[in-house]
Amino acid sequence: MVSQFGSLGYTIMRKTADLTVVQKTIIDTLLKEGKTQTFIAKEAGCSQSAVSKHVNRKLSGRKNCGRKRCTTNRENHSLERLVKQNQFKNLGELHKEWTEAGVKASRATTHRRVKEFGYSCRIHLVKPLLNHRQRQRRLTWAKEKKKWTLFKDADFIFQQDLAPAHTAKSTKSWLNDHGVDVLDWSANSPDLNTIENLWGIVKRKMKATVKETWASIPPQQ
C-alpha cells in the first residue's frame with residue numbers, strides 16, 4: 001500500500017544538509033504519529049541517518065548545520081565600512097586593512113563577506129602597449145600624412161576611426177557607392193578628430209574659470 005507521503009515519489013537519497021522543506025515536514029509529521037525512523041526514511045526518500053540527525057538537531061535546539069562563522073557581526077560591519085570608504089580597493093588591500101584591525105580571517109573569508117555585502121571583485125584591464133610592428137605602421141602612416149592639412153583636404157576626405165560600425169562591409173560598401181573618400185587609418189591609430197582636442201581645451205578653460213570665480217567670492221561672515 002502506498003501512503004500519502006510515499007505517493008510524492010521522493011526517492012533521491014540526500015544528506016542532512018540537503019533535505020528539502022517538504023522532506024523535513026514529512027519527517028516531523030510522521031515522527032509525531034510515532035512512526036519508526038526506518039519507515040520515515042522510506043517515506044521521505046532519504047537515509048535513516050539523515051532522519052536521525054534531523055531529529056537530534058531539533059532536540060538539541062540547533063537550527064543550522066556547518067561550522068560556526070569565524071567573524072562577528074561587528075567585525076563584518078567594519079569590513080563593510082572599509083568597502084564603502086573606497087570601492088576601488090582590491091581584495092588584497094581590504095583583507096590587509098581588515099586583519100590589521102585585529103580580525104582573524106582568511107582571504108577567502110574576506111572574499112565571501114564582500115560578496116555577501118553585494119559587491120563584486122573585478123580586475124582592471126591593462127591597456128596593451130603598441131608592439132614593434134604597430135609602431136612602424138603608425139610611423140609610416142604619419143610620414144605619408146605629414147603634409148596633409150585639415151583646411152585643404154577636409155572637404156574631400158571623410159574622417160572616422162576603426163570602430164566596428166565604421167569598418168563593417170555594409171558601411172564601406174555604402175561609402176564606396178556614394179563616392180565618399182575615407183581617410184585610411186593604421187591599427188591603434190591616435191585620435192586626430194579636432195573636436196576632441198577642442199573639448200579638452202573647453203573643459204580646462206571652464207575649470208579655470210570656475211576656480212577663479214570661487215576665489216573671487218568673499219567668505220561669509
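This passage describes the fold, the nonpolar cores and selected side-chain features of a predicted model.

The protein has 221 residues, of which 19% are buried. Its secondary structure amounts to 11 helices and 2 strands, and these elements succeed one another along the sequence in the order α-α-α-α-α-α-α-α-β-α-α-β-α. When contacts between residues at least 6 apart in sequence are considered, 54% of them are found to join residues at least 24 apart. The accessible surface was computed as about 18,000 Å², and carbon and sulfur atoms account for 56% of that area.

In soluble globular proteins, nonpolar side chains tend to be gathered together in buried positions. In the present model, the largest nonpolar core comprises 11 residues, namely Leu19, Ile26, Ile27, Leu30, Ile40, Ala41, Ala44, Cys46, Ala50, Val51 and Val55. Two or more residues of this core are supplied by each of H1, helix H2 (37–44) and helix H3 (48–60). A separate core of 8 residues lies apart from this one, and its members include Leu79, Leu82, Leu94 and Ala105.

Within the 11-residue core, Ile26 belongs to helix H1, which spans residues 21–32. Ile26 is classed as buried because its relative accessibility, at 3%, falls under the 20% limit. The C-alpha atom of Ile26 is separated by 9.8 Å from that of Gly45, although the two residues are 19 positions apart along the chain. Another member of this core, Ala41, touches Cys46, Ser47, Gln48 and Val51 when residues up to four places away in sequence are not counted. Cys46, itself part of the core, likewise counts as buried because its relative accessibility is 3%.

In the core of 8 residues, which includes Leu94 and Ala105, Leu94 is located in helix H5 (residues 91–100), and Leu94 counts as buried because its relative accessibility is 5%. Once neighbours within four places in sequence are set aside, Leu94 is in contact with Leu79, Leu82, Val83, Lys89 and Val114; of these contact partners, Leu79 and Leu82 are also listed among the members of the core. The C-alpha atoms of Leu94 and Arg107, residues that are 13 apart in sequence, lie 9.2 Å apart in space. Ala105, by contrast, is placed in the loop between H5 and helix H6 (107–116). Ala105 is nevertheless buried, because its relative accessible area of 14% is under the 20% limit. Leaving out residues up to four places away in sequence, Ala105 touches Thr71, His95, Trp98 and Thr99, and its C-alpha atom is 10.0 Å from that of Glu75, a residue 30 positions away along the chain.

Cysteine residues and aromatic rings were examined next. A search of the whole structure returned 0 disulfides. Whereas Cys46 is buried, Cys70 is partly exposed because its relative accessible area is 47%, a value that lies between the limits of 20% and 50%. The corresponding search for aromatic pairs, again covering the whole structure, returned 0 such pairs. One aromatic ring is nonetheless associated with a charged side chain, in that Lys35 lies over the face of Phe39 at 5.5 Å from the ring centre.

How values were computed: Residues are numbered from 1 along each chain as its sequence is written. This is a predicted model: local features need pLDDT of at least 70, side-chain atom pairs count only at pLDDT 80 or more; totals for chains, interfaces and linings use all residues. Side-chain values use heavy atoms; hydrogens and water are left out. Rings of Phe, Tyr and Trp (its six-membered ring) pair if their centres lie within 6.5 Å; planes under 30 degrees apart count as stacked, over 60 as edge-to-face and the rest as tilted. A charge sits over a ring if NZ of Lys or CZ of Arg is within 6 Å of the ring centre and within 35 degrees of the ring normal. Helices (H or I, at least four residues) and strands (E, at least two) are DSSP runs, numbered from the N terminus. Buried means under 20% relative accessible area, exposed over 50%, partly exposed in between (1.4 Å probe, protein chains only). Contact means heavy atoms within 4.5 Å. Accessible areas come from the Shrake-Rupley method with a 1.4 Å probe; for residues, only the protein chains shown count as cover. A nonpolar core is a set of buried Ala, Val, Leu, Ile, Met, Phe, Trp, Tyr and Cys residues joined through side-chain atoms within 4.5 Å. A disulfide is a pair of cysteine sulfur atoms within 2.5 Å.
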